[in-house]
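The exercises below ask for a reading of a sequence and its coordinates. Each task is followed by a solution in steps.

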Amino acid sequence: MSALTIYSENESTQPLWFSDDADKIREQLNAKGVRFERWNADRDLGIDPTPELVINAYQHAIDKLVAEKGYQSWDVISMRADNPQKEVLRTKFLSEHIHGEDEVRFFVEGAGLFCLHIGDKVYQVLCEKNDLISVPEGTPHWFDMGSQPHFTAIRIFDNPEGWIAQFTGDNIAENYPRLD
C-alpha cells in the first residue's frame, strides 16, 4: 500500500505526519510541487519482464506523459533480489542527489521508497504498483529499493541521456528509516 511519512529534517525517529490514503498523499505532495497519482498498471508482465515488454504494455501511459510534458526519452528499471549489483545500486541511489530535470517514475510492479528533502522536512513516499511520481527538477532526494528489491518502473526523461544525478554530499539519508 502506498504511504507517505513526513519527518523534520532534524528528527528522523518521530514522524510528524503519516497516511496511506492516496488522496491525502497526493494533497500533501502536490502542495510541495511533487506530482503523485494512482494509475492503472493492469498488464500481465510475467515473472521477469523485458524492458521491451514493459514499454509495449504501457506505451499508452508514456504517450500521455509525452503529450502532456514533452518528455524525450524513457526506459525501464527493474530490480530483483537475485541481482548481483543490487547492493552497489542501492548504495548509489541512497546518496542524496538532484537532477536537472523532473524525475518521473511509473511503478508497474513492486515497490520503492522515494525520500524527498524539501525545505526543513523529509517526505518518505512508499511507491508501489500503480503509483506515478514526478519529483521536480532540483529537489534533493534519494531512493531506497530495499535489501531484497522487487520492482519494475518506467523512467521518463526530459533529455535523451537518461538518468543523470548530481550528488549533494549531504549524508542526511543515513539518518532516516530504510525500506526493509
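A residue is called buried under 20% relative accessible area, exposed over 50%, and partly exposed in between (1.4 Å probe, protein chains only). The model is predicted, so local features need pLDDT of at least 70 and side-chain atom pairs count only at pLDDT 80 or more, while totals for chains, interfaces and linings use all residues. Residues are numbered from 1 along each chain as its sequence is written, and side-chain values use heavy atoms, with hydrogens and water left out.

**Exercise 1. Asn-130**

Task: state where Asn-130 lies, whether it counts as buried or exposed, and what is the sign of its phi.

Solution.
- Step 1. Asn-130 sits in the loop between β7 (121–128) and β8 (131–135). Strands (E, at least two residues) and helices (H or I, at least four) are DSSP runs, numbered from the N terminus.
- Step 2. Asn-130 counts as buried because its relative accessibility is 17%.
- Step 3. Most residues other than glycine have a negative phi. Asn-130 is not a glycine, yet its phi is positive, at about 90°.

**Exercise 2. The chain as a whole**

Task: describe the secondary structure, the dimensions and the surface of the protein chain.

Solution.
- Step 1. The protein chain holds four helices and eleven strands. Its radius of gyration is 15 Å, close to the 16 Å of the globule rule for 180 residues, so the chain is as compact as a globular protein of that length. The radius is taken over C-alpha atoms, and the rule is 2.2 Å times the number of residues to the power 0.38.
- Step 2. The C-alpha trace spans about 45 × 35 × 30 Å along its principal axes.
- Step 3. Of the 180 residues, 49% count as buried. The accessible surface comes to about 8700 Å², and carbon and sulfur atoms make up 47% of it. Accessible areas come from the Shrake-Rupley method with a 1.4 Å probe; for residues, only the protein chains shown count as cover.
- Step 4. A contact means heavy atoms within 4.5 Å. Among contacts in the protein chain with a separation of 6 or more, 74% are between residues 24 or more positions apart.

**Exercise 3. Charges and salt bridges**

Task: count the charged side chains, then place the salt bridges of Arg-35 and Arg-90.

Solution.
- Step 1. There are 17 positive and 31 negative side chains, and the centres of the two sets lie 2 Å apart. Lys and Arg count as positive, Asp and Glu as negative; His and the chain ends are not counted. Each charge is placed at NZ of Lys, CZ of Arg, CG of Asp or CD of Glu.
- Step 2. Side chains of opposite charge can pair when their charged atoms come close. A salt bridge needs a side-chain nitrogen of Lys or Arg within 4 Å of a carboxyl oxygen of Asp or Glu. The structure holds ten of them.
- Step 3. Arg-35 and Glu-68 form one, at 2.5 Å from N to O. This pair links distant parts of the chain: Arg-35 is in strand β3 (residues 35–38) and Glu-68 is in helix α3 (residues 59–69), 33 residues apart. Arg-35 is buried at 16% relative accessible area, whereas Glu-68, at 41%, is partly exposed.
- Step 4. Arg-90 and Asp-144 form another, at 2.7 Å from N to O. Here too distant parts are linked, from helix α4 to strand β9 (residues 141–144), 54 residues apart. Arg-90 is buried at 11%, and Asp-144 is buried at 1%.
- Step 5. Glu-103 and Arg-105 meet at 3.0 Å, N to O, and both are buried. Salt bridges with shared partners join Arg-35, Glu-37 and Glu-68 into one network.

**Exercise 4. Neighbours in helix α4 and after β11**

Task: list contacts of Leu-89, Arg-90 and Ile-172, leaving aside residues within four places in sequence.

Solution.
- Step 1. Leu-89 belongs to helix α4 (residues 86–93) and is partly exposed, at 24%. It is in contact with Met-79 and Met-145. The C-alpha atoms of Leu-89 and Met-79 are 9.6 Å apart, with their positions ten residues apart along the chain.
- Step 2. Arg-90 also lies in helix α4. Its contacts are Asp-144, Met-145, Gly-146, Ser-147, Arg-178 and Leu-179.
- Step 3. Ile-172 is in the segment after β11 (166–167) and is buried at 6%. Ile-172 touches Glu-9, Glu-96, His-117, Val-122 and Trp-142. From Ile-172 to Ser-95 the C-alpha distance is 8.5 Å, although the two are 77 residues apart in sequence.
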